[in-house]
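Me: I have a model open here and would like to talk through how it is put together. Can we go through it piece by piece?

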Amino acid sequence: MKEYIRYFKWLYIILAALAGLFLLLQVGHWGTAKARNHQRTNTTCTVTERVFDKADVLTDKQEKKLRELISKREKQTGCDIVLITLKEPLAEFARMYEPNAASSEYVRVYAEQFWEQNGMGYDKPDGDGVILVDNYSREDDGKIHTYFSTNGRAFEAYYTEDIDRLLDNVYSCVERDPYRAYKRYVNTFYHDMLGWRTFHVSVPGSVPWAIGLISAVIFMFLNWRSRKGTKTTTATTYVAGGQPVFRVQTDRFLRKTVTQRKIESSSSGGRSGGGGRSHGGGGGHHGGGGRSR
Amino acid sequence: MIYKCKNCGGNAIYAPEKGRMYCPHCESEDSEEQNPDDSLERCVNCGAPLEITDYTSACKCQHCGAYLIFNERVEGVYEPHLVLPFRIGRQAAAAALDQEFSRRIFAPSDFMSAKSLQKMEGTYVPFWLYDYDADYDYAGEGTKVRTWRSGNTEYTETSYFDVQRRMNVDFNRIPVDASYAMEDGAMDLMEPYDYQALMDFAPKYMSGFYGEVYNQKAKELEERALQKARLSSEQLMQASLTGYVTMRAYRKNLKLNGRGEHYALLPVWQYFYRYKDQVYEYHVNGQTGKVVGVTPVSRAKVLLYAASVFAVATAACQIAVQILDIL
């Protein structure tokens, strides 16, 4: 045991330091959340409901719990947080506003129209907030579409990869446990809005496991067999005077070439007004800044 | 030949810790006298028959324990030019070995207690030490790359250089063991020896140890020395070609001119341990104490430690991701 502790001493010290840093940040995070108590200033919007479970995928108790959670998170984030589940084809509705909208765009049109028509926003009509629309009805493409729309401060805070991450969180359990998925939507949004948001990096959940596994495999590979010993000679061990003598050592400039290329603006670094995706359709569908599963 | 103590007639041996001849019977120092009687068949001390190989130059009589040196194998063409006397004695070598074992944490837990010592002996291993003058002529084209951005355009500037090098290196005493009994890889790992302590050969340094004459001639083993010289030359040349992103050689001429070779005896402690029906051989550099040899590995221990690495690395990454998330 003693030898084990000695061997892994530094690894555990690093782990403890990381855990300590995490705890410190988390405490700061909680402190910030507790201290915040935004007052809603949008008096035009009269919609007080935040959970519209038209697809009836939530129980009454779950709806109530979500409403309570949203109410708390809205005060902490200063944003309206709306959830709509539907089970109706939106083609007709969407084409009223955008005649050329593709089937993947219907939920986006619905979300945007809902937001605008109801004057949603915590600070003002069409102001700060987010809306998640999950339509359980399969459109012409045979897929179920979801759209996450950000507005005002939420729009400023959210980059494409953040939207992807939020939708990943929702999609990881929406099929088997919609309540849990929508709770994740609310909590992820709350968490994102309270973070300092310096790094807009989305690390897939499998990456830490993969790094752990690769480290363990390398470790096993290096220690599976005992080594005879280590080489302790260098290139200069048998060199008289310890170094070579250079009679010629010239580096003469010949020519130079310059090439140029246009930098394509990448969507991954920019802000996005929302991200759509489909579920239950067997994958292969992309919309907005999202991905499919 | 045998060295005897003038005071008590006992067998005087070379004591590495003292750096001089010593009689373990009466504890006299530098009291040795050479008895030149010689025989390859019988011990000149007790007359018991000897079992030696074609290359043995010094051994211990298994009957009376006297250390014998065979005149005809340390004279004439077999007379070493140089010898590096043992600096580390039996106890210090065993301590170095124990220290090394304690560092090898993947050895089975019972290895230290269950292993049994089969044999241990100090041996003067025959080496050829080669001297070379290296003349390396190199020419190539190197590139340096600089990139910068202006607006939405990225520029890449590649500069080309004509690189010329002429390097001279004096290699002194590149060692190659000349013993069939010693594994080449193990002997290479024994290096380096501190050549400052090399001395002109005197047979008395062999008293108390085993020894061999060279098993192969210098010419037969030269390729190994040349390989070492080539590798070092290449590394030294590469070290001078820094600062370039790419380097394409269009001329590389390395000439190695031999300046001669020396026949030397270098000190090695050999230990043989038996553990679970297998014999493990270890070599300890008789001058520096460096240990070379394979220890058995407890696979269960490795798996257990790997599981810890997996757990800790995964946890550390998870926490790092969470921190990034907060930040």
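**Strands, helices and the contact between chains**

Reply: Let us begin with a turn in this predicted model: β12(B) and β13(B) form a hairpin with two residues between the strands, and B:K276 there has a positive phi near 50°.

Me: How many bridges join β12(B) to β13(B), and which way do they run?

Reply: Eight bridges join β12(B) to β13 (residues 278–285) of chain B, and the two strands run antiparallel. One of the pairs is B:Y275 with B:Q278, the latter being its bridge partner in β13(B).

Me: And what else pairs with β12(B)?

Reply: β8(B) is joined to β12(B) by 27 bridges, again in the antiparallel sense, and within that pairing B:A134 has B:L256 as its bridge partner. Strand β7 (residues 82–83) of chain B also pairs with β12(B), over two bridges and in the parallel sense, with B:L82 standing opposite B:A264.

Me: Where does β8(B) go after that, I mean what is its hairpin partner?

Reply: β8(B) forms a hairpin with β9(B), with two residues between them, and B:G151 in that turn has a positive phi of about 65°. The pairing of β8 (residues 116–150) with β9(B) is antiparallel and extends over 23 bridges, and B:F127 is matched there with B:D177.

Me: OK, switching to the other chain. Which strand of chain A is joined to β9(B)?

Reply: That is β5 (residues 245–262) of chain A, which runs antiparallel to β9(B) and is joined to it by 16 bridges. Two of the matched positions are A:R255 with B:Y160 and A:Q260 with B:Y155.

Me: How many residues are in contact between the two chains?

Reply: In chain B there are 64 residues in contact with chain A, and 63 residues of chain A take part. The elements of chain B that each supply at least two residues to that side are β9 (153–177), α3 (184–190), α4 (218–239), β14 (291–292) and α5 (299–326). β9(B) gives the largest share, 22 residues.

Me: What is the nonpolar, polar and charged split on that side?

Reply: The residues of chain B that touch chain A divide into 35 nonpolar, 18 polar and 11 charged.

Me: Back to α4(B), what does its span come to against what it should be?

Reply: The 22 residues of α4(B) should span 32 Å at 1.5 Å a residue, and the end C-alpha atoms are 31 Å apart, which agrees. Even so, α4(B) has a kink of about 30° centred on B:R224.

Me: Which of its residues are buried, and what do they pack against?

Reply: The buried residues in α4(B) are B:L221, B:A225, B:K228, B:A229, B:S232, B:S233, B:L236 and B:M237. They pack against β8, β9 and β12 (246–275) of chain B. As background, an α-helix has 3.6 residues a turn, so residues three or four places apart point the same way.

Me: What about the largest nonpolar core, which residues touch the most other members?

Reply: That core has 69 residues, and B:A58, B:L68 and B:W128 touch the most other members. Its largest share, 10 residues, comes from β8(B). Leaving aside neighbours within four places in sequence, B:W128 is in contact with B:V176, B:A178, B:Y214, B:A218, B:L221, B:E261 and B:Y263. Apart from this core lies another, of 41 residues, including A:I81 and A:Y110.

Me: A:Y110 is in α4(A), I think; which residues of that helix are buried?

Reply: In α4(A) the buried residues are A:Y106, A:V107, A:R108, A:Y110, A:A111, A:E112 and A:W115. The helix has 12 residues and reaches 16 Å from its first C-alpha to its last, close to the 16 Å expected at 1.5 Å a residue.

Me: And what follows α4(A)?

Reply: α4(A) is followed by A:G119, which has a positive phi near 60° and is found in the loop between α4 (106–117) and β3 (129–135) of chain A.

Me: Is A:G119 buried or exposed, and why?

Reply: A:G119 is partly exposed because it has 16 other C-beta atoms within 10 Å, whereas a buried residue would need 20 or more and an exposed one 12 or fewer. Leaving aside neighbours within four places in sequence, A:G119 is in contact with A:T44, A:C45, A:P125 and A:D126. A:G119 and A:T46 are 73 residues apart in sequence, with their C-alpha atoms 8.3 Å apart in space.

How values were computed:
Residues are numbered from 1 along each chain as its sequence is written. Chains are lettered from A and ligands numbered from 1 in the order in which they are written. This is a predicted model: local features need pLDDT of at least 70, side-chain atom pairs count only at pLDDT 80 or more; totals for chains, interfaces and linings use all residues. Two residues are in contact if their C-beta atoms, placed from the backbone, lie within 7 Å. Helices (H or I, at least four residues) and strands (E, at least two) are DSSP runs, numbered from the N terminus. Ala, Val, Leu, Ile, Met, Phe, Trp, Tyr, Cys and Pro count as nonpolar, Asp, Glu, Lys and Arg as charged, and the others, Gly among them, as polar. Two strands pair if DSSP finds at least two bridges between them. The expected span of a helix is 1.5 Å times one less than its number of residues. The bend at a residue is the angle between axes fitted to the seven residues ending there and the seven starting there. A nonpolar core is a set of buried Ala, Val, Leu, Ile, Met, Phe, Trp, Tyr and Cys residues joined through C-beta atoms within 7 Å.
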